[in-house]
Amino acid sequence: MKIVVIGGSGLIGKKLVSRLGERGHEVVAASPSSGVNTVTGEGLSQALAGAQVVVDVANAPSWEDKAVLEFFETSGRNLLAAEKVAGVRHHVALSVVGTERLLASGYFRAKMAQENLIKASGIPYTIVRATQFFEFVEAIAQFGTDAQTVRLPSAMMQPIVSDDVAVALADVAITEPLNGMVEIAGPEPIRMDELVRRFLTARRDSRQVITDPQARYYGVPVNDQSLVPGNHPRLGPTRFADWLSRSIPKA
Ligand SMILES: NC(=O)c1ccc[n+]([C@@H]2O[C@H](COP(=O)([O-])OP(=O)(O)OC[C@H]3O[C@@H](n4cnc5c(N)ncnc54)[C@H](OP(=O)(O)O)[C@@H]3O)[C@@H](O)[C@H]2O)c1
């Protein structure tokens, strides 16, 4: 099959492109750095010519409310229109577990808009919603940081490593469209404050995590249901502790 990965140069995109290539598919990694831009439309029709499947794992360069909404709306519209012309048979997109519970954030309103465009497009689709990536824990820490303290809620999470997300997406891309959604998560639940504490300790980062039930997650009040998947998610096998020990250089 010819499979186009939009955002093929990103964290997930790179891993997905190599996975699909290993399975013998013709894979095109499409993104602005390779001359394909879903916002301007540049290079899009050429990249999609003859493609059966498109996997969209692009992300917006700015997460400012207006900019991120504009990115996912414009990108989604252009991409889905080009897919119709090319006769694409399956559109796969990566979204976030709990998106509808996080709409106080402009980023999640934009992801919701992306999902809604896909559902209304008439193109057979599968939306894969993932929990937060292990690689994203550093950004969560940064978000809560004020000088030497990191203020975070203790909301339950179930993060997943990016490699396991790429494996799941590759499986979805080569199977029939669900015209629905699947959720993927890591193997174990862990609270946000504890997750960041373990990350900083492993990094020998001296910042102190303060548990604050009033602290927000990207501006959103969260509880133990906000960020975790529903019943029967697909689970990635990689444990946070194993990823930490292999990804953080020993002193
Ligand atoms: N972070 C998390 O914990 C998490 C959890 C669940 C789901 N997700 C979702 O996962 C997806 C991928 O995230 P990621 O961290 O892998 O992203 P990333 O590493 O930031 O990569 C972003 C990709 O988007 C591409 N891109 C940017 N502007 C584009 C445009 N105008 N047209 C086409 N491609 C464009 C970039 O291309 P260039 O390199 O060429 O600029 C790059 O390949 C996102 O949709 C996000 O919502 C993330």
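Start with V53, which stands opposite H90 in β4. Keep in mind that what you're looking at is a predicted model. V53 belongs to β3, and there are 4 bridges joining β3 to β4, with the two strands running parallel. To get from β3 to β4 the chain crosses through α3, and this β-α-β crossover is right-handed.

Now look to the other neighbour of β3. Here 4 bridges join β3 to β1, and this pair runs parallel too. Two of the bridge partners are easy to find: I3 is matched with V53 in β3, and I6 is matched with D56 in β3.

What about the side chains of β3? As a rule, side chains in a regular strand alternate between the two faces of the sheet. You can see that here: V53 and V55 point one way from β3, while V54 and D56 point the other way. Are these four buried or exposed? All of them are buried.

Zoom out a little and you'll find that β3 is part of an open sheet of 7 strands, in the order β2-β1-β3-β4-β5-β9-β12, with parallel pairing. At the edges sit β2 (26-30) and β12 (234-235), each pairing on one side only. Strands in a sheet are held in pairs through backbone hydrogen bonds, either parallel or antiparallel.

Helices lie against this sheet. Helix α1 (residues 11-22) lies across β1, β2, β3 and β4, and runs at about 170° to β1. Helix α6 (residues 162-173) packs on the sheet as well, touching β3, β4, β5, β9 and β12, and its direction makes about 155° with that of β4.

Back to α3, the helix in that crossover. Helix α3 covers residues 65-86, so count 22 residues reaching 32 Å from the first C-alpha to the last, close to the 32 Å expected at 1.5 Å a residue. Which residues of α3 are buried? They are V68, F71, F72, S75, G76, L79, L80, A82 and E83. These buried residues cover an arc of only 165° around the axis, which puts them on the same side of α3. The spacing makes sense because an α-helix has 3.6 residues a turn, so residues three or four places apart point the same way. What do the buried residues pack against? Their partners are β1 (2-6), α2 (44-48), β3 (53-56), β4 (90-96) and α4 (106-120). Over on the other side of α3, K66, K84 and V85 are exposed. Just after the helix, G87 takes a positive phi of about 75°.

There's another sheet to visit. This one is open, with 3 strands in the order β6-β7-β11 and mixed pairing. Why do β6 and β11 each have a side without a neighbour in the sheet? Both β6 (145-146) and β11 (208-211) stand at the edges with a single partner strand each, so one side is left free of a neighbour. Strands β6 and β7 (residues 149-152) pair in the antiparallel sense over 2 bridges, and D146 stands opposite T149 in β7. Helix α7 (residues 192-202) packs on this sheet, touching β7 and β11, and its direction makes about 175° with that of β11. Helix α5 (residues 137-144), meanwhile, lies across β6 and β7, running at about 100° to β7.

Methods
Residues numbered from 1 in each chain as written. Predicted model: local features only at pLDDT ≥ 70, side-chain atom pairs only at ≥ 80, totals over all residues. Heavy atoms only, no water. Expected span 1.5 Å × (residues − 1). Buried < 20%, exposed > 50% of the residue type's maximum accessible area, 1.4 Å probe, protein only. Arc of directions from axis to C-beta. Contact = heavy atoms within 4.5 Å. Pairing = 2+ DSSP bridges. Axes fitted to C-alpha atoms, helices over the stretch in contact; angles between N-to-C directions. Right-handed = clockwise from strand over helix to strand, strands pointing away.
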